[in-house]
Amino acid sequence: MALNLSQKQEVVAELAEVAAKAHSLVAAEYAGTTVAQMTAMRRKAREIGVFLKVVKNTLASRAVVGTDFEVVKDVLTGPLLYAFSTEEPGAAGRLIKEFAKGNDKLKAKVVSVEGKLFPAEHVDVLASLPTREQALAMLARVLAEPASMFARVIKAVADQQGGGDAAPAPAETETAA
């Protein structure tokens, strides 16, 4: 189904708006993917904050002009599916990697993060980035470690000086006598 000029302008505007806010982009070849597979991928994309769209490469090239993803406009060839991570950088990579396991026809072709163009193999690197919750948990562990180390040192010094838990409390010695 061919789009008229106003429909094309709407698609370019929508993609440009998403690209301006997105953290990363993965463009993947999807030829041979079934409708059921595409439907499942779209459902999962909505759940994890990935904007997924199949558009002509010329429209995508126009949409990324002026964004961090402008570096990809010259390498967009063939039928491509565009996955923009809108909430966390690794989401699009995880989505494409997950669905490529069950579908050998789905192959990442272009990866772009922060204005840099990477080869398709970097989808694994992008997919391995921690989620926001995982990153916050790692930060909390790093921040809590000095306090727990300090507590262990204080306890070790107290044990070494004989002020540990081994000494009976004074109230207990009086009642026993």
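Q: Is N4 buried, exposed or partly exposed, and what is its relative accessibility?

A: Relative accessibility is read against two limits: a residue under 20% is buried, one over 50% is exposed, and the values in between are partly exposed. In this predicted model, N4 has a relative accessibility of 39%, so it counts as partly exposed.

Q: Where does N4 lie, and which backbone nitrogen does its side chain reach?

A: A residue is first placed relative to the helices and strands, and its polar contacts are then examined. N4 belongs to the segment before α1 (5-21). Its side chain reaches the backbone nitrogen of Q7 at 2.9 Å, and a pair of suitable N or O atoms counts as a polar contact within 3.5 Å.

Q: How many helices and strands does the protein chain have, and what pattern do they follow?

A: One lists the elements in the order of the sequence. The protein chain contains 7 helices and 5 strands, and along the sequence the pattern is α-β-α-β-α-β-α-β-β-α-α-α.

Q: Which strands are joined to β1 by bridges, and how do they run?

A: Bridges show which strands pair, and the direction of the strands is then stated. Strand β1 is joined by 6 bridges to strand β3 (residues 80-85), and these two run antiparallel. Another 6 bridges join β1 to strand β4 (residues 107-113), again in an antiparallel arrangement. Individual partners can also be named: A27 has Y82 as its bridge partner in β3, while V26 stands opposite V111 in β4.

Q: Why is strand β1 described as largely enclosed by the rest of the structure?

A: For a whole strand, one counts its buried residues. Strand β1 (residues 24-29) has 5 buried residues out of 6, so the rest of the structure largely encloses it.

Q: Is S112 buried or exposed, and which residues is it in contact with?

A: The accessible area is read first, and the surroundings of the residue afterwards. S112 lies in strand β4 and has a relative accessible area of 0%, so it is buried. A polar atom of its side chain lies 3.1 Å from the backbone oxygen of K116. When neighbours within four places in sequence are left aside, S112 is in contact with S24, L25, D68, F69, V71 and V72.

Q: How many aromatic pairs does a search of the whole structure find?

A: Aromatic pairs are described by the distance between ring centres and the angle between ring planes. The search finds 2 aromatic pairs. In one of them, F51 and F84 are tilted, at 6.5 Å centre to centre and with 50° between the planes. This pair links distant parts of the chain, since F51 is in strand β2 (residues 50-54) and F84 is in strand β3, 33 residues apart. Both F51 and F84 are buried. F69 and F84 form an edge-to-face pair, at 5.7 Å centre to centre and with 75° between the planes. Here F69 comes from the loop between α3 (57-63) and β3, whereas F84 is in strand β3, 15 residues apart.

Q: Which residues form one aromatic cluster, and are F69 and F84 buried or exposed?

A: Pairs that share a ring can be read together. F51, F69 and F84 form one aromatic cluster. F69 has a relative accessible area of 1% and is therefore buried; F84 is at 2% and so counts as buried.

Q: What percentage of the protein chain's residues count as buried?

A: The same classification can be summed over a chain. Of its 177 residues, 32% count as buried. The chain exposes about 11,100 Å², and carbon and sulfur atoms supply 59% of that area.

Notes:
Residues numbered from 1 in each chain as written. Predicted model: local features only at pLDDT ≥ 70, side-chain atom pairs only at ≥ 80, totals over all residues. Heavy atoms only, no water. Buried < 20%, exposed > 50% of the residue type's maximum accessible area, 1.4 Å probe, protein only. Helix = DSSP H or I, 4+ residues; strand = E, 2+ residues; numbered from the N terminus. Pairing = 2+ DSSP bridges. Polar contact = N/O pair within 3.5 Å; in protein donor to acceptor, adjacent residues only side chain to side chain. Contact = heavy atoms within 4.5 Å. Phe/Tyr/Trp six-rings, centres within 6.5 Å; stacked < 30°, edge-to-face > 60°. Areas by Shrake-Rupley, 256 points an atom, 1.4 Å probe, with all protein chains shown as cover.
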